[in-house]
Amino acid sequence: MKTARLLFIFSLFFQLTAATADDMPTYKLLMKDGRIHPETLEVPAMTRFRLEVKNEGPGAAEFESLELKKELVLSPGVTRNMVFFPMKPGTYKFFDDFHPETGQGRIVAK
Ligand SMILES: [Cu+2]
């Protein structure tokens, strides 16, 4: 009976997690060896969204946007999420602060 109850609590927990994860569109960004994929990320304007950033390495990477006031350092192999508040239509630049010469990208809100 304990096990059944525990399973119930766990399934409830996962349902709740899934529900919170679903209410926001998620976009993926890959940082790899000083490069950013994709370099242009199109998102809906005036909509809160999540960006899942993965650094495949080999070194550290840092997602940085001066315009959006966002900064996130990622060790190699690490994936982290960032939530962006609704943006006005426009183009917002970001870069990999560890590789600014090759790692340049933009978020285009439409
Ligand atoms: Cu920085």
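Modeller: A residue counts as buried when its relative accessible area is under 20%, and as exposed when it is over 50%. The model discussed here is a predicted one.

Biologist: Is Asn-55 buried or exposed, and what makes it so?

Modeller: The relative accessibility of Asn-55 is 2%. That value is under 20%, so Asn-55 is buried.

Biologist: Where is Asn-55 found, and which residues does Asn-55 touch?

Modeller: Asn-55 is found in strand S4, residues 49–57. Leaving aside residues up to four places away in sequence, Asn-55 touches Met-31, Ala-60, Ala-61, Leu-74, Ser-75, Pro-76, Gly-77 and Val-78. Leu-74 is 19 residues from Asn-55 along the chain, and 6.3 Å separates their C-alpha atoms.

Biologist: How do you know that the side chain of Asn-55 makes polar contacts with the backbone?

Modeller: A polar contact needs a pair of N or O atoms within 3.5 Å. From the side chain of Asn-55, the backbone nitrogen of Gly-57 is reached at 2.8 Å and the backbone oxygen of Leu-74 at 2.9 Å. The backbone oxygen of Ser-75 lies 3.3 Å from a polar side-chain atom of Asn-55. Each distance is within 3.5 Å, so these pairs count as polar contacts.

Biologist: Which residues coordinate the copper ion, and how are they spaced in sequence?

Modeller: The donors come from Glu-62 (OE), Glu-64 (OE), Glu-71 (OE) and Asp-97 (OD), at 1.9 to 2.6 Å. Their spacing in sequence is E-x1-E-x6-E-x25-D.

Biologist: Why is the arrangement around the copper ion called irregular?

Modeller: The angles between the four donor atoms run from 70 to 162°. A tetrahedral site would need all angles between 85 and 135 degrees, so the tetrahedral label fails. A square planar site would need opposite donors over 155 degrees apart and all others between 65 and 115. The arrangement around the copper ion is classed as irregular.

Biologist: Which of Glu-64 and Glu-71 is buried, and which is exposed?

Modeller: Glu-64 has 10% relative accessibility, under the 20% limit, so Glu-64 is buried. For Glu-71 the relative accessible area is 56%, over 50%, so Glu-71 is exposed.

Biologist: What makes the sheet mixed, and in what order do its strands stand?

Modeller: Five strands form an open sheet, ordered S3-S9-S8-S5-S6, with mixed pairing. Strands S3 (40–43) and S6 (70–74) are at the edges because each has a single partner strand, which leaves one side of each without a neighbour in the sheet. From one strand to the next the twist averages 20°. S3 and S9 (residues 104–109) run parallel, joined by four bridges, and Thr-40 stands opposite Arg-106. S8 (residues 90–96) pairs with S9 in the antiparallel sense over six bridges, with Tyr-92 opposite Ile-107.

Biologist: How do you know that S5 and S6 pair?

Modeller: Pairing requires at least two bridges. S5 (residues 61–65) and S6 have five, so they count as paired, in the antiparallel sense. Ser-65 has Lys-70 in S6 as its bridge partner.

Definitions and conventions:
Residues numbered from 1 in each chain as written. Predicted model: local features only at pLDDT ≥ 70, side-chain atom pairs only at ≥ 80, totals over all residues. Heavy atoms only, no water. Donors = N, O, S within 2.8 Å, 3.2 Å for Na, K, Ca; no water. Tetrahedral: all angles 85-135°; square planar, octahedral: opposite > 155°, others 65-115°. Buried < 20%, exposed > 50% of the residue type's maximum accessible area, 1.4 Å probe, protein only. Helix = DSSP H or I, 4+ residues; strand = E, 2+ residues; numbered from the N terminus. Axes fitted to C-alpha atoms, helices over the stretch in contact; angles between N-to-C directions. Contact = heavy atoms within 4.5 Å. Polar contact = N/O pair within 3.5 Å; in protein donor to acceptor, adjacent residues only side chain to side chain.
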